[in-house]
Amino acid sequence: MKKIAILGSTGSIGTQTLDIVRDNPDLEVVGLAAGSNIELIEKQVREFKPRLVSLQSEKACEELKIRLADMDVEIIPGMEGLIAIAEMEESEIMVTAIVGMIGIRPTIAAINKGKDIALANKETLVTAGHIIMKLAAEKGVSILPVDSEHSAIFQSIHGENKDRISKLIITASGGPFRGKSREELKNVSLEDALKHPNWSMGSKITIDSSTLVNKGLEVMEAKWLFDMDLDKIQVVVHPQSIIHSMVEFVDGGIMAQLGAPDMRLPIQYALFYPDRRPMSGKRVDFYELGSITFEKPDMDTFKGLRLAMRAAKAGGSMPTVFNAANEKAVSLFLNKKIRFLEITEIIERCMDAHKIIENPDIDSILATEQETYEMISKKYM
Ligand code: NDP
Ligand code: MG
């Protein structure tokens with residue numbers, strides 16, 4: 001029996017993780033955390049019977065306690081709850097499927113207790129990769145990628161000598177606005193931005209895909225996960241999302257991982273690595289597919305990727321500013337307070353105003369996040 005805890009169980013990755021648990025009776029859920037979706041977490045607790053549960057607010061936890069009065073479950077609100085779940089004695093692996101920088105502290109807590117991490121939350125590595133990867137190595141903990149691109153790279157280097165990698169090639173669908181000009185992007189609506197061509201995901205990452213910020217976050221995530229220089233990471237637009245990413249080796253050979261766009265595969269691979277388990281679902285039919293295509297990303301129109309590369313090269317606290325500014329700007333866009341192109345304008349302004357802190361610790365990372373939020377709030381709220 002493999003015991004798992006899931007942070008963000010009510011979200012897109014969280015619910016798909018539970019689909020895998022349903023299909024694999026040797027997985028047992030011991031802890032679940034979500035933000036505010038009481039209805040769904042109540043159902044999940046009744047079905048999976050975890051020992052520990054958390055929702056963001058005390059009020060939500062009180063309501064959940066009343067609803068679950070007939071169940072033997074402990075419920076702890078907020079960060080205290082997330083950390084308690086991360087540190088649970090019985091859990092072996094934690095799936096971090098929570099959205100945003102709130103994932104940092106619980107991830108560190110879980111690593112300190114020797115739990116392996118199935119990592120979906122990319123904001124953690126983007127902002128604190130230098131701390132997380134070092135700590136994981138010290139504690140002998142595996143960071144198993146869930147993001148499809150990183151899982152593809154992870155699958156492609158399985159059994160290979162990592163010193164022989166010459167390049168990581170991260171594929172990008174290009175999002176719903178691929179091929180559009182900045183003029184055409186001026187007035188695109190929230191509804192248009194939420195229509196991802198290939199993947200069904202949470203709203204924040206769907207917007208990040210439409211700005212190409214998501215690909216920028218993935219480049220930074222790959223740099224930490226695979227200990228790779230930025231100039232050896234290339235982004236290639238591949239609109240069909242069949243090749244999930246590739247690795248080029250020193251002899252010119254390229255390994256790629258292909259599959260239908262379905263996040264359950266990378267989640268399941270992380271949970272059972274290095275084993276593969278059977279999985280239902282659509283298979284790639286090459287006759288039906290006919291062809292796949294590739295393009296260079298348009299970084300002049302989609303400034304999100306260019307700004308991410310600038311933040312990654314600057315290093316230190318700059319990726320935190322990039323990430324925090326994006327989180328806030330996306331939230332404003334989701335609430336229809338700003339227009340699409342303002343997302344990257346806000347990120348750029350925050351980055352221009354920031355004085356880099358080299359090698360920031362967790363407190364400085366979180367302080368930088370707050371400062372960035374405040375800078376944006378002053379102007380827009
Ligand atoms: P969703 O928005 O669908 O889900 C987010 C989850 O986090 C929900 O369970 C939500 O709870 C919970 N949550 C939000 N705020 C808090 C909080 N303050 N305390 C506790 N829980 C909270 O996101 P996704 O599943 O799409 O993405 C999760 C992470 O995985 C992101 O970092 C994303 O970048 C990454 N990722 C996602 C992919 C995908 O296919 N979806 C692919 C690759 C990476 P509630 O619903 O109750 O508010
Ligand atoms: Mg991805």
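Here are a few worked exercises on this predicted model.

**Exercise 1. Find which residues coordinate the magnesium ion (ligand 2), and work out where two of them, Asp 147 and Glu 218, sit in the chain.**

Solution.
- Start at the metal: the donors come from Asp 147 (OD), Glu 149 (OE) and Glu 218 (OE), at 2.1 Å.
- Now lay those donors out along the chain, and you get the spacing D-x1-E-x68-E.
- Next, place Asp 147 and Glu 218: Asp 147 lies in the loop between β7 (143-145) and α7 (148-156), while Glu 218 belongs to helix α11 (residues 213-225). They are 71 residues apart, so this pair links distant parts of the chain.
- Last, check accessibility: both Asp 147 and Glu 218 are buried.

**Exercise 2. Classify the ring pair Phe 154 and Tyr 273: stacked, edge-to-face or tilted?**

Solution.
- A search of the whole structure turns up five aromatic pairs.
- For Phe 154 and Tyr 273, the ring centres are 4.6 Å apart and the planes make 40 degrees. Stacked needs under 30 degrees and edge-to-face over 60, so this pair is tilted.
- Where do the two rings come from? Phe 154 is in helix α7, and Tyr 273 is in the loop between α12 (264-272) and α13 (286-289), 119 residues apart.
- Compare burial next: Phe 154, at 15% relative accessibility, counts as buried, whereas Tyr 273, at 30%, counts as partly exposed.
- To finish, widen the view: Phe 154, Tyr 269 and Tyr 273 form one aromatic cluster.

**Exercise 3. Locate the charged lysine ends that sit over the rings of Trp 224 and Tyr 380.**

Solution.
- Over the Trp 224 ring you'll find the charged end of Lys 223, 4.4 Å from the ring centre.
- Over the Tyr 380 ring it's the charged end of Lys 379, at 5.1 Å from the centre.

**Exercise 4. Check the span of helix α1 (residues 12-23), then say what covers its buried residues.**

Solution.
- Helix α1 has 12 residues, and 1.5 Å a residue leads to an expected 16 Å. From first C-alpha to last, helix α1 reaches 17 Å, close to that value.
- Its buried residues are Ile 13, Gly 14, Gln 16, Thr 17, Leu 18, Ile 20 and Val 21.
- The cover over them includes β1 (2-7), β2 (27-33), α2 (38-48), β5 (93-96) and α12.

**Exercise 5. Decide whether Asn 214 is buried or exposed, and list its contacts beyond four places in sequence.**

Solution.
- Asn 214 is part of helix α11.
- Its relative accessibility is 6%, so Asn 214 counts as buried.
- Leaving aside neighbours within four places, Asn 214 touches Lys 122, Ile 205, Asp 208 and Ser 209.

Notes. Residues numbered from 1 in each chain as written. Chains lettered and ligands numbered in written order. Predicted model: local features only at pLDDT ≥ 70, side-chain atom pairs only at ≥ 80, totals over all residues. Heavy atoms only, no water. Donors = N, O, S within 2.8 Å, 3.2 Å for Na, K, Ca; no water. Helix = DSSP H or I, 4+ residues; strand = E, 2+ residues; numbered from the N terminus. Buried < 20%, exposed > 50% of the residue type's maximum accessible area, 1.4 Å probe, protein only. Phe/Tyr/Trp six-rings, centres within 6.5 Å; stacked < 30°, edge-to-face > 60°. Lys NZ or Arg CZ within 6 Å of the ring centre and 35° of its normal. Expected span 1.5 Å × (residues − 1). Contact = heavy atoms within 4.5 Å.
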